[in-house]
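Thanks for coming, everyone. Please take a look at the sequence and the structure before I start.

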Amino acid sequence: DYNYGTSAEYGTVLAGNNTLKFAAHFKDDVHREHNQGNPIQQFKDRTTSFGVEDTQQLGDKLELVAGISRDARDTLQAENYVANKIVDFQKDNATAWNPQIGLFYHLSSSDEVHATVSRKSRFPTIKDRYSYRLGTAIPNASLGAETSTNYELGSSRSFGETTRLTGAVFFHDVQSMIQSVAITPATQCGTTATTCTQMQNIGNVQTKGFELGITNAPTTSLEIGANYTLLERSNISNPNIILIDVPRQKLLAYGKWEVTAP
């Protein structure tokens, strides 16, 4: 497997209180596979994104940030090996518009509170759409993009010069969520596998939760920190499908030591 791409960004100050930025991204993902003695199957996705963002200062402490991007994923190549010959999988392209807006209020040079609303999209990968997963899965070439409307309220504050506390509460309304679903009977995979799955768009899933983080620098060369996240997810479309792959609670702690002075 390999990928290659490029990104470009440009920003300019339109006035003393307004900044405009542009961004463009391009990436190709290539996957090749075969069993010994079989021809090589080729897969290639191309992802492009173009975005614009504007920051407007509303006084000394308040700023409004708004932006939008158009993302696209084109399937350039997707080959299947069936009955001793190479045939093409179905090729589906996908596009998405992702707007966002946020208000940021700076209590001081280091403290702020914010409120944001955004729409994010996740395109299924080559593996999500085309992998047999060593004979335990059925490919889903028509798997659609997952989209999420996200709401967040958060703040950060420094205590003295060594400690910083961050926190946020959030709500995510996910449409066409992508998840692995069990297929019965397992023999549909065409092998003797005891389990059979397929990546599917399972519908509307809502996530709510909060996160807290703290960092402390007891010395100039040492930093320690921790982050805790609590999630509560609900499958609105089909409560019978259990949500997997994401923990309800997550705790991260770290330490960073600079051996030599900067």
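I will walk through charged pairs, one unpaired charge, a surface patch and some unusual backbone spots. One caution up front: this is a predicted model.

Let's begin with charge. Side chains of opposite charge can pair when their charged atoms come close. How many salt bridges does the structure hold? There are eight. I will show you three of them.

Start with Lys27 and Asp29. Their side chains meet in a salt bridge, at 2.6 Å from N to O. Lys27 is partly exposed, because its relative accessible area is 35%, and the cut-offs for that class are 20% and 50%.

Next, Arg122 and Glu146. Their side chains also form a salt bridge, here at 3.6 Å from N to O. Look at where the two partners sit. Arg122 is in strand β7, residues 112-122, and Glu146 is in strand β8. They are 24 residues apart, so this pair links distant parts of the chain. Are these two buried or exposed? Arg122 comes out as partly exposed, at 34% relative accessibility. Glu146 has 14%, so Glu146 counts as buried.

Third, Asp128 and Arg133. The salt bridge between their side chains is 3.9 Å, N to O. Asp128 is buried, with a relative accessible area of 12%. Arg133, at 28%, is partly exposed.

Now put the last two pairs together. Arg122, Asp128, Arg133 and Glu146 are linked in a network of salt bridges.

On to a charge without a partner. Find Glu79, in strand β4, residues 62-82. Glu79 is buried, yet it has no salt bridge. Which side chain of opposite charge is nearest to Glu79? That is Lys91, at 7.5 Å. A salt bridge needs nitrogen and oxygen within 4 Å, so a distance of 7.5 Å does not qualify. Glu79 does have a polar contact, though: its side chain joins that of Gln77 at 3.4 Å. What else does Glu79 touch, leaving aside its neighbours within four places in sequence? One set of contacts is Ile40, Gln41, Gln42 and Phe43. Ile86, Val87, Asp88 and Phe89 are also in contact with Glu79.

Now the surface. Leu153, Val169, Phe210 and Leu212 form a nonpolar patch there. Together they have about 340 Å² of accessible area. Take Leu153 from that group. Leu153 is found in strand β8, residues 146-159. Its relative accessibility is 51%, and the line for exposed is over 50%, so Leu153 counts as exposed. Strand β8 has come up before: Glu146 is in that strand too.

Last topic: the backbone. Most residues other than glycine have a negative phi, and most peptide bonds are trans. Here are three exceptions.

The peptide bond between Thr184 and Pro185 is cis, with omega at about -5°. Pro185 lies in the loop between β10, residues 178-182, and β11, residues 197-201.

Leu134 has a positive phi, near 55°. Leu134 sits in the loop between α1, residues 126-130, and β8. With 88% relative accessibility, Leu134 counts as exposed.

Asp245 also has a positive phi, near 80°. Asp245 is in the loop between β13, residues 222-235, and β14, residues 249-257. Asp245 is exposed, at 68% relative accessible area.

That's my tour. Happy to take questions.

Conventions: Residues are numbered from 1 along each chain as its sequence is written. This is a predicted model: local features need pLDDT of at least 70, side-chain atom pairs count only at pLDDT 80 or more; totals for chains, interfaces and linings use all residues. Side-chain values use heavy atoms; hydrogens and water are left out. Patches are made of residues with over 30% relative accessible area and no salt bridge: like charges are joined within 9 Å, nonpolar side chains (Val, Leu, Ile, Met, Phe, Trp, Tyr) within 5 Å. Accessible areas come from the Shrake-Rupley method with a 1.4 Å probe; for residues, only the protein chains shown count as cover. Helices (H or I, at least four residues) and strands (E, at least two) are DSSP runs, numbered from the N terminus. Buried means under 20% relative accessible area, exposed over 50%, partly exposed in between (1.4 Å probe, protein chains only). Lys and Arg count as positive and Asp and Glu as negative; His and the chain ends are not counted. A polar contact is a pair of N or O atoms within 3.5 Å; within protein, one must be able to donate a hydrogen and the other to accept it, and residues adjacent in sequence count only if both atoms are side-chain atoms. Contact means heavy atoms within 4.5 Å.
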